[in-house]
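Have a look at the fold below before reading on. The notes that follow walk through the sheet, its helices and a few backbone details.

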Amino acid sequence: MKTLASRTLRTLADTAELAAEVAAWLRPGGVLLLVGDLGAGKTTFTQALAKALGVARPVTSPTFTLANAYPLPHGGALVHMDLYRLASPQGLYDLGLEEALEDGARVVIEWPERAWEVLGAEVPHRLTLRLTLDDAGDRHATVTEE
């Protein structure tokens, strides 16, 4: 595992700056795993990442739909998955992970710990963003590549 970035995100501008870097690292067919507690900023980061990738429409949390796809201006898609309500790890296949990766989508997954065993087997190129909140309310972000 290689650390690509580690910093404190105090403002939306800080988040947007890191998202632009991650957008450059996340290649077609790659997955970004977002790890952090409720309220850590996973969806906010995904919104900033989508903007950095050129997504024009609003990006919302797929908490109830479990997956949303957003076309990218130069082809492909950003697929945003939220596994918080996933019934079983095998449900990830029903969400179309394999197809999205085969189609060259860039996939962002919130709550990946709900399907670690499937993700480890299916995802050859993976970035992980770990978000934590400190007592002062600052977000700390670490991006690693596996």
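In which sense do strand β4 and strand β5 pair, and over how many bridges? In this predicted model, strand β4, residues 77–82, and strand β5, residues 106–110, run parallel to each other and share 5 bridges. Within that pair, L78 sits opposite R106 of β5.

**The sheet**

Stepping back, these two strands belong to an open sheet of 7 strands, ordered β1-β7-β6-β2-β5-β4-β3, with mixed pairing. At the edges are β1 (2–9) and β3 (67–71), each of which has a pairing partner on one side only. On average, neighbouring strands of the sheet are turned by 15 degrees against each other, direction ignored.

The mixed character shows up nicely around β6. On one hand, β6 and β2 run parallel and are joined by 5 bridges, with R130 in β6 as the bridge partner of V35. On the other hand, β6 and β7 run antiparallel and are joined by 7 bridges; here T128 has T144 in β7 as its bridge partner.

T144 deserves a second look. This residue lies in strand β7, and its relative accessible area is 7%, so T144 is buried. What does T144 touch, leaving aside residues up to four places away in sequence? Its contacts are M1, K2, T3, L4, R126, L127 and T128.

As a general reminder, side chains in a regular strand alternate between the two faces of the sheet.

**Helices against the sheet**

Helix α1, residues 12–25, lies across four strands: β1, β2 (31–35), β6 (126–133) and β7 (139–145). Relative to β1, helix α1 runs at about 165 degrees.

Helix α2 offers a quick check on regularity. With 12 residues, α2 reaches 16 Å from its first C-alpha to its last, close to the 16 Å expected at 1.5 Å a residue. Which residues of α2 are buried? They are K42, T43, F45, T46, A48, L49, A50 and L53. The elements that cover these buried residues include α1, β2, β4, β5 and β6. After α2 comes G54, where phi is positive.

**Positive phi values**

If you like to scan backbone torsions, here are four residues with positive phi, gathered in one place.

| Residue | Phi | Location |
|---|---|---|
| G54 | near 100 degrees | following α2 |
| L66 | about 75 degrees | loop between α2 (42–53) and β3 |
| W111 | near 60 degrees | loop between β5 and α5 (116–122) |
| G137 | near 90 degrees | hairpin of β6 and β7 |

The hairpin that holds G137 has 5 residues between its strands β6 and β7. L66 has its positive phi although it is not a glycine, and W111 is likewise a residue other than glycine with a positive value.

Are L66 and W111 buried or exposed, and why? The cut-off for buried is under 20% relative accessible area. L66 counts as buried because its relative accessibility is 16%. W111 counts as buried because its relative accessibility is 11%. Each of these residues is found in a loop: L66 between α2 and β3, and W111 between β5 and α5.

How values were computed
Residues are numbered from 1 along each chain as its sequence is written. This is a predicted model: local features need pLDDT of at least 70, side-chain atom pairs count only at pLDDT 80 or more; totals for chains, interfaces and linings use all residues. Side-chain values use heavy atoms; hydrogens and water are left out. Two strands pair if DSSP finds at least two bridges between them. Axes are lines fitted to C-alpha atoms, for helices over the stretch in contact, and angles run from 0 to 180 degrees between N-to-C directions. Contact means heavy atoms within 4.5 Å. Buried means under 20% relative accessible area, exposed over 50%, partly exposed in between (1.4 Å probe, protein chains only). The expected span of a helix is 1.5 Å times one less than its number of residues.
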